[in-house]
Amino acid sequence: MYHTSRSAHRWVGVVLFVFLLLIAITGFLLANKSRMAWLRPPEVDAVKVASPEEIRPMSEVVGAAFAVGLAELKDMGDVDRVDYRPKSNIFKVVSKAGYHEVQVDGATAKVLSVAKRNDQWIEDLHDLSFFSDAANAWVLPVVGLGLGALAVSGIGLFFTPVVRRWRFKRKQAKRP
């Protein structure tokens, strides 16, 4: 049983190695994306506002982002999301394709920054949706189950020799 577990542990580890390494590296990058400007563009400070009435309407903000002329951001179908950051009074208009972000001033609706969001494609790599939706829906759960199997079999492989030594020493101690 011990040798079968060892063999299964080894082969599951070999098969999952690439996926686990990819998930570990991209997870590290995503956990530290706020510290790395090349991953996520820093927020540009905009004109401060005293009340919500001073904030430009969404139509103006999105229109300003479209006016930049990015091929990946031409109409509402190209927009993945629009985030508003009250602290810096900026809107972030993020494209679905191309991983672009346009930062727009909330008070003037002027474009402050146009940049690439590398954290978005790293997130797609992390959850395997970069390869296909099927990889995200089917491969990722299998990788999770495989990781659980590695954990359980690893504990068994670690403690089996410990228990055997303990039993052997106990048996030796009982001998006259």
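This is a short tour of the structure above, one selection at a time.

**Before you click**

You're looking at a predicted model, in which local features need pLDDT of at least 70 and side-chain atom pairs count only at pLDDT 80 or more, while totals for chains, interfaces and linings use all residues. Residues are numbered from 1 along each chain as its sequence is written, and side-chain values use heavy atoms, with hydrogens and water left out.

**Stop 1: the whole chain**

Show the protein chain as a cartoon and you'll find four helices and four strands; both are DSSP runs numbered from the N terminus, with helices being H or I of at least four residues and strands E of at least two. Going along the sequence, the order is α-α-β-β-β-β-α-α. The radius of gyration is 26 Å, well over the 16 Å that the globule rule gives for 176 residues, so the chain is more spread out than a compact globule. (That radius is taken over C-alpha atoms, and the rule is 2.2 Å times the number of residues to the power 0.38.) Along its principal axes, the C-alpha trace spans about 90 × 35 × 25 Å.

Now colour by burial: 29% of the 176 residues are buried. Buried means under 20% relative accessible area, exposed means over 50%, and partly exposed is in between, using a 1.4 Å probe and protein chains only.

**Stop 2: strand β3**

Select residues 100-105, which make up strand β3. Six of the six are buried, so this strand is largely enclosed by the rest of the structure. Turn on the side chains: H100, V102 and V104 point one way, and E101, Q103 and D105 the other. That fits a general pattern: in a regular strand the side chains alternate between the two faces of the sheet.

**Stop 3: the partners of β3**

Add residues 90-95, strand β2, which pairs with β3 in the antiparallel sense over five bridges. Two strands count as paired if DSSP finds at least two bridges between them. Look for V94, whose bridge partner in β3 is E101. The two strands form a hairpin with four residues between them, and G98 in the turn has a positive phi of about 85°.

Next add residues 111-116, strand β4, again antiparallel to β3 over five bridges. Here H100 stands opposite K116. This hairpin has five residues between the strands, and A109 takes a positive phi near 60°.

**Stop 4: two residues to zoom in on**

Which residues does V102 of β3 contact, leaving aside its neighbours within four places in sequence? They are A65, V68, L70, L73, F91, K92, V93, V111, S113 and V114, where contact means heavy atoms within 4.5 Å. V102 has a relative accessible area of 0%.

Then click K92, over in strand β2. Is K92 buried or exposed? K92 is buried, with a relative accessible area of 1%. Residues up to four places away aside, K92 touches P41, E43, R81, V82, D83, R85, E101, V102, Q103 and R117.

**Stop 5: helix α3**

Finally, select residues 118-126, helix α3, where N118, D119, Q120, I122 and L125 are buried. What covers these buried residues includes α1 (2-31), β1 (79-85) and β4. Step just past the helix to L128, whose phi is positive, near 65°. For a last distance check, draw a line from V102 to D127: they are 25 residues apart in sequence and 24 Å apart in space, C-alpha to C-alpha.
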